[in-house]
Amino acid sequence: MKQVEDAEILEKFSNEKTRSEAFNLLLSKYQQKIYWHIRRLVIDHDDTDDLVQDVFIKVWRNLEKFRSDSQLYTWIYRIATNESITFLNKKKQRNNTPLDEVSEELADSLVESAYFNGDKLQLKLQQALLTLPEKQRLVFNMKYFDDLKYEEISEILGTSVGALKASFHIAAKKIETFLLNDDISF
């Protein structure tokens, strides 16, 4: 099926009669990408489903106000990223635990998850990612898994390209160290 251009989605959304159709096109184009972006941040499938729903509710409510200053997907990614960070911060506060303990909890839930079907190396990579500070993890996920350009990540996170490159490089080194120092048996 041919992907619909963002401009066409926005045009259809601006017309009351085609608004629902436009939103369905937007969902089919971005829902899976947003799901995996959020999933790599919050790990848990059920939490991810809830957050994806929250993100697209916000998109629905605010799409009329979208000014096209950025690309549509960077705007949606920004909403998804902010919702994920807010969720993780609330989880940290609710449990009154430091973020590194929340990361340990997420790593444990990843091992027990019926929705994780990766091999041992993929599991170790996810565990390595959870050892990273939040910003490095975000940058690594967006660059490595989502294959976004540094300029796009810069728009989403509001950070300079140079700082993002440094964060990605440091994250990659930390992941490499984790994987080399951890016993992975195949």
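Biologist: In this predicted model, in which helix does D54 lie?

Modeller: D54 lies in helix 3, which covers residues 45-62.

Biologist: How should one read the exposure of D54: is the residue buried, partly exposed or exposed?

Modeller: A residue is called buried under 20% relative accessible area and exposed over 50%, with partly exposed in between. D54 has a relative accessibility of 36%, so this residue counts as partly exposed.

Biologist: Which residues form a negative surface patch with D54?

Modeller: For such a patch, Asp and Glu count as negative. Here D46, D49 and D50 form the negative surface patch together with D54.

Biologist: Let us turn to K33. Where does K33 lie, and why does K33 count as partly exposed?

Modeller: K33 belongs to helix 2, residues 19-42. Its relative accessibility is 45%, and therefore K33 counts as partly exposed.

Biologist: How many residues apart along the chain are K33 and Y77, and what separates their C-alpha atoms?

Modeller: The two residues are 44 apart along the chain, and 9.0 Å separates their C-alpha atoms.

Biologist: What elements make up the protein chain as a whole?

Modeller: The protein chain holds 9 helices and 0 strands. Read from the N terminus, the order is α-α-α-α-α-α-α-α-α.

Biologist: How are burial and contacts summarised for the protein chain?

Modeller: Of the 186 residues in the protein chain, 44% are buried. Where contacts join residues at least 6 apart in sequence, 60% of these contacts link residues at least 24 apart.

Biologist: What area does the protein chain expose?

Modeller: The exposed area is about 10800 Å², and carbon and sulfur atoms supply 49% of it.

Key
Residues numbered from 1 in each chain as written. Predicted model: local features only at pLDDT ≥ 70, side-chain atom pairs only at ≥ 80, totals over all residues. Heavy atoms only, no water. Helix = DSSP H or I, 4+ residues; strand = E, 2+ residues; numbered from the N terminus. Buried < 20%, exposed > 50% of the residue type's maximum accessible area, 1.4 Å probe, protein only. Contact = heavy atoms within 4.5 Å. Areas by Shrake-Rupley, 256 points an atom, 1.4 Å probe, with all protein chains shown as cover. Patch = residues over 30% accessible without salt bridge, like charges linked within 9 Å, V, L, I, M, F, W, Y side chains within 5 Å. Salt bridge = Lys/Arg side-chain N within 4 Å of Asp/Glu carboxyl O. Charge placed at Lys NZ, Arg CZ, Asp CG, Glu CD.
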